[in-house]
Amino acid sequence: MHTMHTTQHHRSSSMLSGSLRRVAGGFCKTIVKNRSSAMTMAAAADTKLRTLEEMRFDNTFVRELPGDKETSNSLRQVSDALYSLVQPTPTGTEPVTVAYSRDVAALLDLDPSECERPEFALIMSGAAPLPGSQPYAQCYGGHQFGSWAGQLGDGRAITLGEVVNSQGQRWELQLKGAGKTPYSRRADGRAVLRSSIREYVASEAMEALGVPTTRALCCIATGDGVHRDMFYNGN
């Protein structure tokens, strides 16, 4: 969440990792998806599946658009830039893969067996780098509650880059809950398991209904504790 948390109740944190947006003609913030999973899976049957190290990145967003000249990962106003390069912040705990989607792995030409490697949970929790990635957080502004809120930006989302599959589809691969960014304001940049599972299930349900949406590659539990609503009892 991008809001401030002042309560003292601890919850186990998680990562909704590998959240995907389809990108057409470079990059678009609006989610666009016009090819069904069934069609993609059929095409993937004749495709050589890749390892994590072999994923094909083509990071046009950071290559073609203006970036933040400041390199420190500190809270600040960012001017004349659409993104800040930022590395995920490891929790120092032992991440585990809660769930992963074979269908979404196929969208990336990723061999589903790669999701069962020990390195997978480390990479998708932000504890280890993914070869070819260029992690960044987007800078943008917007309205909240009917008023102009000024600078917002990705407060707990860190994009790893753009993966191009064998069909020429371009997918943005993003971590959610991987730590603070220059746009986190007073939040912790983390995500709890309940909201991660909710988003995971909702995005896949929307896909099944034919509604354009992001996709969830996996959900990773870090075991780290975070501060959340003191009145939430875990149910």
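This report walks through a predicted model of one protein chain, from its overall make-up to a few individual residues.

## How to read the model

Residues are numbered from 1 along each chain as its sequence is written, and side-chain values use heavy atoms, leaving out hydrogens and water. Since this is a predicted model, local features need pLDDT of at least 70 and side-chain atom pairs count only at pLDDT 80 or more, while totals for chains, interfaces and linings use all residues.

The score pLDDT is the predictor's confidence in each residue, from 0 to 100. The chain averages 83, and 78% of the residues score at least 70. Two stretches to treat with care are residues 1-11, where pLDDT stays under 50, and residues 23-40, where pLDDT is below 50. In the model, residues 1-11 have 37 contacts (heavy atoms within 4.5 Å) beyond four places in sequence. The stretch 23-40 has 35 contacts beyond near neighbours in sequence. Where pLDDT is low, the predicted coordinates should not be read in detail.

## The chain as a whole

The chain has five helices and ten strands. Both are DSSP runs numbered from the N terminus: helices are H or I with at least four residues, and strands are E with at least two. Among contacts between residues at least 6 apart in sequence, 73% join residues at least 24 apart.

Of the 235 residues, 49% are buried. Here buried means under 20% relative accessible area, exposed means over 50%, and partly exposed lies in between (1.4 Å probe, protein chains only). The accessible surface of the chain is about 11,300 Å², and carbon and sulfur atoms account for 55% of that surface. Accessible areas come from the Shrake-Rupley method with a 1.4 Å probe; for residues, only the protein chains shown count as cover.

## Salt bridges

Side chains of opposite charge can pair when their charged atoms come close. A salt bridge here is a side-chain nitrogen of Lys or Arg within 4 Å of a carboxyl oxygen of Asp or Glu, and the count comes to eleven. One of them joins Lys48 to Glu54, with the closest N and O atoms 3.8 Å apart. Lys48 is exposed, at 60% relative accessibility, whereas Glu54 is partly exposed, at 37%.

Which residues are linked with Arg117 in a network of salt bridges? The other members are Glu53, Glu114 and Glu119. Arg117 and Glu53 pair at 3.0 Å, N to O. This pair connects distant parts of the chain, 64 residues apart: Arg117 sits in the loop between helix H3 (102-107) and helix H4 (118-124), and Glu53 in the loop between helix H1 (37-44) and helix H2 (60-64). Arg117 also forms a salt bridge with Glu119, at 3.3 Å. Glu53 is partly exposed at 43% relative accessibility, and Glu119 is partly exposed at 34%.

## Cysteines

A disulfide is a pair of cysteine sulfur atoms within 2.5 Å, and the structure holds zero of them. For Cys115, the nearest cysteine sulfur belongs to Cys218 and is 6.7 Å away. Cys115 is buried, with 2% relative accessibility. Cys139 is buried too, at 12%.

## Loop residues worth a look

Phe145 is not a glycine, yet it has a positive phi of about 55°. You will find Phe145 in the loop between strand E5 (141-144) and strand E6 (147-151), where it is exposed, with a relative accessible area of 84%. Arg185 also is a non-glycine with a positive phi of about 55°. Arg185 lies in the loop between strand E8 (170-176) and strand E9 (191-192) and is partly exposed, at 35%.

The loop between E8 and E9 also holds Thr181. Is Thr181 buried or exposed? Thr181 is buried, with a relative accessible area of 1%. Leaving out residues up to four places away in sequence, Thr181 touches Asn73, Leu75, Val86, Ala137, Asp154, Gly155, Ala157 and Ile158.

## A nonpolar patch

Val96, Val98, Leu193, Ile197 and Val201 make a nonpolar surface patch of about 380 Å². Patches are made of residues with over 30% relative accessible area and no salt bridge; like charges are joined within 9 Å, and nonpolar side chains (Val, Leu, Ile, Met, Phe, Trp, Tyr) within 5 Å. Strand E3 (96-100) and helix H5 (193-208) each supply at least two residues. Helix H5 gives the most, with three residues, and Val201 is located in this helix.
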